Amino acid sequence: MSGLGSGWAGLAWLAVGVCRRGGAAVAVLWGWADTEGSLAWTLRQLGRWQPVQAEGVRGSLRSGLYMDRLRWQQDGLQVDAREVRLEWKPLALFTGGLQLDELRARSVRVEDRRPPEPAAAPTSLALPLRPAIDDLQIGTIASVTPASSVAVAHLLPAHHYHRPP
């Protein structure tokens, strides 16, 4: 019996050690997420699997970001946002939410050069996260297609959005 008891004690000490190291790793990661380099590194990783480009990036993953320009394009669809500011609560992701305290852009331009397709109703409008946006401001939104061009200025001054639970 004494051999079995010491085995459980050793396993318990191993579990305590793993938890301590895991907690230290989380603390280091949380601290790193508040550095200027965390945002630049994350955008580089994102660029590996998404056609996204960012210019004039400042801030961190934890405290918020500012970009002079954010551009995404794929298959003839291009989104170009200027003077983008984002402040958020990253811990909300652990509860299935996306909490944006502030999302602002001086301008957003959507250019759609994809070939026309027949309109079809979406099968679902469900989002993978519950979004909540406290302050959404966009100076100008422009939509450009081969057939038309539309621009709307000051569309969303201080709009609040919370998806119902």
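This is a short walk through one predicted protein model, from the overall layout to a few side-chain details.

Okay, let's start with the whole chain. Everything I'll say refers to a predicted model, so please keep that in mind. The protein chain has 165 residues, and 23% of them count as buried. In secondary structure we've got 2 helices and 8 strands. The order is easy to remember: going from the N terminus, it reads α-α-β-β-β-β-β-β-β-β.

Two more global numbers. The accessible surface of the protein chain is about 11,600 Å², and carbon and sulfur atoms account for 64% of that. As for contacts, take those between residues at least 6 apart in sequence: 47% of them join residues at least 24 apart.

Now, helix 2. That's residues 36-49, and inside it S38, L39 and L43 are buried. How do these buried residues sit when you look down the axis of helix 2? They fall within an arc of 125 degrees, so they line one face of the helix. For the background, an α-helix has 3.6 residues a turn, so residues three or four places apart point the same way. Flip to the other side of helix 2 and you find R44 and R48, both exposed.

Helix 2 also holds W41. Is W41 buried, partly exposed or exposed? With a relative accessible area of 41%, W41 is partly exposed, because buried would need a value under 20%. W41 joins L29 and W32 in a nonpolar patch on the surface, and together the three have about 310 Å² of accessible area.

Next up, backbone angles. Two residues here have a positive phi without being glycine. One is D75, with phi near 50 degrees. D75 is in the loop between strand 3, residues 64-74, and strand 4, residues 77-89. At 66% relative accessibility, D75 counts as exposed. The other is E83, again not a glycine, with a positive phi of about 50 degrees. Where is E83? E83 is in strand 4. With 35% relative accessibility, E83 counts as partly exposed. So if you're scrolling through a Ramachandran plot, those are two to look up: D75 and E83.

Let's stay in strand 4, because that's where D80 is, too. D80 has a relative accessibility of 8%, so it counts as buried. What does the side chain of D80 make a polar contact with? The partner is the side chain of R69, at 2.8 Å. If you leave aside neighbours within four places in sequence, D80 is in contact with R69, L70 and R71, and also with S107, V108 and R109. D80 also forms a salt bridge with R82, where the closest N and O atoms are 3.4 Å apart. R82 itself is partly exposed, at 31% relative accessibility.

Back to R69 for a moment. R69 is buried, with a relative accessible area of 18%. R69 forms a salt bridge with E55, and there the closest N and O atoms are 3.8 Å apart. Why does that pair tie parts of the chain together? E55 lies in strand 1, residues 52-55, and R69 lies in strand 3, so the pair links parts that are 14 residues apart in sequence. E55 counts as partly exposed, at 41% relative accessibility. The general idea is one you all know: side chains of opposite charge can pair when their charged atoms come close.

How many salt bridges does the count come to? The count is 14 salt bridges. Another one of them pairs E111 with R109, with the closest N and O atoms 3.3 Å apart. Here E111 is buried, at a relative accessible area of 16%, whereas R109 counts as partly exposed at 37%. And then there's a network: salt bridges that share partners join R85, E87, E102, R104 and D135.

To recap where to click: helix 2 has its buried residues on one face. In strand 4, D80 is buried, with its side chain in polar contact with that of R69. R69 in turn forms the salt bridge with E55. And the five residues of the network are R85, E87, E102, R104 and D135. That's it from me.

Key
Residues numbered from 1 in each chain as written. Predicted model: local features only at pLDDT ≥ 70, side-chain atom pairs only at ≥ 80, totals over all residues. Heavy atoms only, no water. Helix = DSSP H or I, 4+ residues; strand = E, 2+ residues; numbered from the N terminus. Buried < 20%, exposed > 50% of the residue type's maximum accessible area, 1.4 Å probe, protein only. Contact = heavy atoms within 4.5 Å. Areas by Shrake-Rupley, 256 points an atom, 1.4 Å probe, with all protein chains shown as cover. Arc of directions from axis to C-beta. Patch = residues over 30% accessible without salt bridge, like charges linked within 9 Å, V, L, I, M, F, W, Y side chains within 5 Å. Salt bridge = Lys/Arg side-chain N within 4 Å of Asp/Glu carboxyl O. Polar contact = N/O pair within 3.5 Å; in protein donor to acceptor, adjacent residues only side chain to side chain.
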